[in-house]
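I opened my notebook for a friendly look through this model. My entries below follow the order in which I looked things up.

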Amino acid sequence: MIPTTPEALMQRAQEGDTAAYVQLLNEITPILRRVIRRQRAFLSSEDIEDLVQEVLLSVHAVRATYDSNRPFMPWLFAITRNRLVDGVRRYSRQGAREISFEETAVTFAAIAANTIEEDFGERRDLHRAIENLPQAQRDAIEMLKLKDMSLKEASKASGMTTGALKVATHRAMSSLRKMFKNR
Amino acid sequence: MTRRTDNLIDALSRDLKAVTPLPRPWIRTLRWLGILIPYCAIAVMLLHFIGKLPSPVVDSQFLMEQSFAILTGITAAMAAFASTIPGQGRSYLAWPLIPLLGWLATLGEACFRNTSGGISFQHNLLCLPFIIILGTPPAIILWMMLRRGAPLTPSWTAALGALAAAGFGNFCVRFVHAEDVSLMLIVWHIGGIFLLTATTSAFGRFLLNWRATKKVSA
């Protein structure tokens with residue numbers, strides 16, 4: 001018979017009992033979810049689930065440090081607290097390194113990317129409008145929209161990063177939208 | 001995403017291997033000493049034999065100083081091991097305090113007595129090889145042992161580990177370091193220990209990155 005207390009389950013897990021381990025992890029997962037949600041109420045469900053998984057991985061990695069003569073929950077919560085603090089540290093590091101920009105639909109498959117073309121009418125007007133764009137934007141539009149190149153190919157051909165190409169395309173599309181709106 | 005967590009649980013339990021629970025901190029400390037005491041005893045004897053070094057004057061002051069030094073090393077090692085156990089509480093931080101204060105007090109008192117003969121901060125750098133020979137193995141072995149735990153507060157663990165290694169190393173070095181100039185000992189040895197402890201603590205997260213040291217097969 002499988003024991004019911006987390007202490008006994010963990011002890012069995014340390015001995016290599018898979019069933020006890022599965023039961024233990026299944027029992028602690030909803031508790032972890034609840035605790036993390038309470039402490040990080042601002043996080044999305046997906047982020048909370050990521051943290052739950054981080055804690056489970058940590059529990060697995062350091063299961064040898066659990067002493068079966070001591071209560072299990074303080075051991076678990078110490079690991080959880082540590083993972084939460086690490087999560088904050090990682091989040092702030094990422095925030096300092098990364099610049100977010102609006103995700104732009106730049107492929108022909110995306111509806112948003114095709115709506116403007118329907119309004120263009122004359123092909124010649126469109127080419128003239130594109131010629132009036134700054135060089136980087138013009139290159140991005142020509143490669144990605146007119147020549148149907150992939151972001152990777154365009155990046156290789158122009159020497160621009162894919163991120164820069166996306167931004168340039170987004171700006172170009174906005175400028176073209178404005179130009180044709182003002183007509 | 002709950003599905004992903006279920007998958008993770010499956011993956012973690014699939015190849016579950018039995019693990020030996022880490023022994024209590026005091027047992028781990030005894031094991032650490034068990035490796036180091038024979039090594040240091042042999043090293044001290046060899047250094048005396050090869051270097052024809054003068055033996056230290058074994059008086060009550062020397063015995064007190066050595067007792068507090070080794071006690072600082074032992075309690076700091078126990079505290080360092082305790083700090084790698086999640087949920088242990090923080091009382092372990094106080095364990096090395098009393099022996100450390102006692103150690104400083106014995107040195108301070110001797111220093112006060114000796115100032116009548118003039119103060120010298122000069123240090124004989126010949127003891128540097130002794131410090132390396134007798135101080136490095138305690139630090140390396142302790143670091144390897146600490147990595148088996150989960151140093152959730154790596155800065156504290158690293159600081160306590162450095163203090164333990166320094167306390168034990170200093171205990172051994174005093175057997176081959178016959179110069180009993182306590183002010184010099186305070187400035188160079190104790191100052192060095194605090195510098196080592198602070199530096200190690202600052203790099204604790206790098207030295208004892210517990211997540212990076214563990215392998216998860218999932």
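With which residue does R4(B) form a salt bridge? I looked up the pair and found D50(A) as the partner of R4(B), with the closest N and O atoms 3.4 Å apart. I note early on that this is a predicted model.

**Entry 1: the interface**

I counted salt bridges between chain B and chain A and got two. I then turned to polar contacts and found eight residue pairs between chain B and chain A, both residues of each pair being at pLDDT 80 or more. Next I asked where the touching side of chain B comes from, and found that α1 (2-14) and α9 (210-213) of chain B each supply at least two of its residues. The largest share of that side, seven residues, comes from α1(B). Sorted by class, the side of chain B that touches chain A has 15 nonpolar, eight polar and seven charged residues.

I also wanted the overall extent of the interface. My lookup gives 30 residues of chain B in contact with 40 residues of chain A. Between them, the two chains bury about 3,100 Å², and 62% of this is on carbon and sulfur atoms.

**Entry 2: a serine in α1(B)**

I picked S13(B), which is found in helix α1 of chain B. Is S13(B) buried or exposed? S13(B) has a relative accessible area of 3%, so I wrote it down as buried, the cut-off being under 20%. Where does its side chain point its polar atom? One polar atom of the S13(B) side chain lies 2.7 Å from the backbone oxygen of I9(B). The S13(B) side chain also reaches the backbone oxygen of D10(B), at 3.2 Å. Leaving aside neighbours within four places in sequence, I found S13(B) in contact with T18(A), Y21(A) and V22(A).

**Entry 3: a leucine in α3 of chain A**

From chain A I chose L56(A), which has its place in helix α3. L56(A) is buried, with a relative accessible area of 0%. Which residues are in contact with L56(A), once neighbours within four places in sequence are left aside? On the chain A side I listed L25(A), I28(A), T29(A) and L32(A), and on the chain B side T5(B), L8(B), I9(B) and L12(B). I also checked the spacing to T29(A): L56(A) and T29(A) are 27 residues apart in sequence, and their C-alpha atoms are 7.9 Å apart in space.

**Entry 4: salt bridges over all chains**

Side chains of opposite charge can pair when their charged atoms come close. I counted seven salt bridges over all chains.

I looked at E49(A) and R33(A), which form a salt bridge with the closest N and O atoms 2.8 Å apart. E49(A) lies in helix α3 (residues 45-61) of chain A and R33(A) in helix α2 (residues 18-39) of chain A, so the pair ties together parts that are 16 residues apart in sequence. E49(A) is buried at a relative accessible area of 3%, and R33(A) is buried too, at 17%.

My next pair was R83(A) and E54(A), whose side chains meet in a salt bridge at 3.4 Å, N to O. This pair links distant parts of the chain, with R83(A) in helix α4 (residues 72-97) of chain A and E54(A) in helix α3 of chain A, 29 residues apart. R83(A) counts as buried, at 3% relative accessibility.

In chain B I found R174(B) and E65(B), with side chains that meet in a salt bridge at 2.7 Å, N to O. R174(B) is in helix α6 (residues 154-176) of chain B and E65(B) in helix α3 (residues 60-82) of chain B, 109 residues apart, and the pair links distant parts of the chain. Both R174(B) and E65(B) are buried. I added one network to the page: salt bridges that share partners join E54(A), R83(A) and D86(A).

**Entry 5: chain B as a whole**

How many helices and strands are there in chain B? I counted nine helices and zero strands. Of the 218 residues of chain B, 46% count as buried. I looked at contacts in chain B between residues at least 6 apart in sequence, and 87% of them join residues at least 24 apart. Last, I noted the accessible surface of chain B, about 11,100 Å², with 71% belonging to carbon and sulfur atoms.

Definitions and conventions:
Residues are numbered from 1 along each chain as its sequence is written. Chains are lettered from A and ligands numbered from 1 in the order in which they are written. This is a predicted model: local features need pLDDT of at least 70, side-chain atom pairs count only at pLDDT 80 or more; totals for chains, interfaces and linings use all residues. Side-chain values use heavy atoms; hydrogens and water are left out. Contact means heavy atoms within 4.5 Å. Buried area is the accessible area (1.4 Å probe) that two parts lose on being put together, summed over both. A salt bridge is a side-chain nitrogen of Lys or Arg within 4 Å of a carboxyl oxygen of Asp or Glu. A polar contact is a pair of N or O atoms within 3.5 Å; within protein, one must be able to donate a hydrogen and the other to accept it, and residues adjacent in sequence count only if both atoms are side-chain atoms. Helices (H or I, at least four residues) and strands (E, at least two) are DSSP runs, numbered from the N terminus. Ala, Val, Leu, Ile, Met, Phe, Trp, Tyr, Cys and Pro count as nonpolar, Asp, Glu, Lys and Arg as charged, and the others, Gly among them, as polar. Buried means under 20% relative accessible area, exposed over 50%, partly exposed in between (1.4 Å probe, protein chains only). Accessible areas come from the Shrake-Rupley method with a 1.4 Å probe; for residues, only the protein chains shown count as cover.
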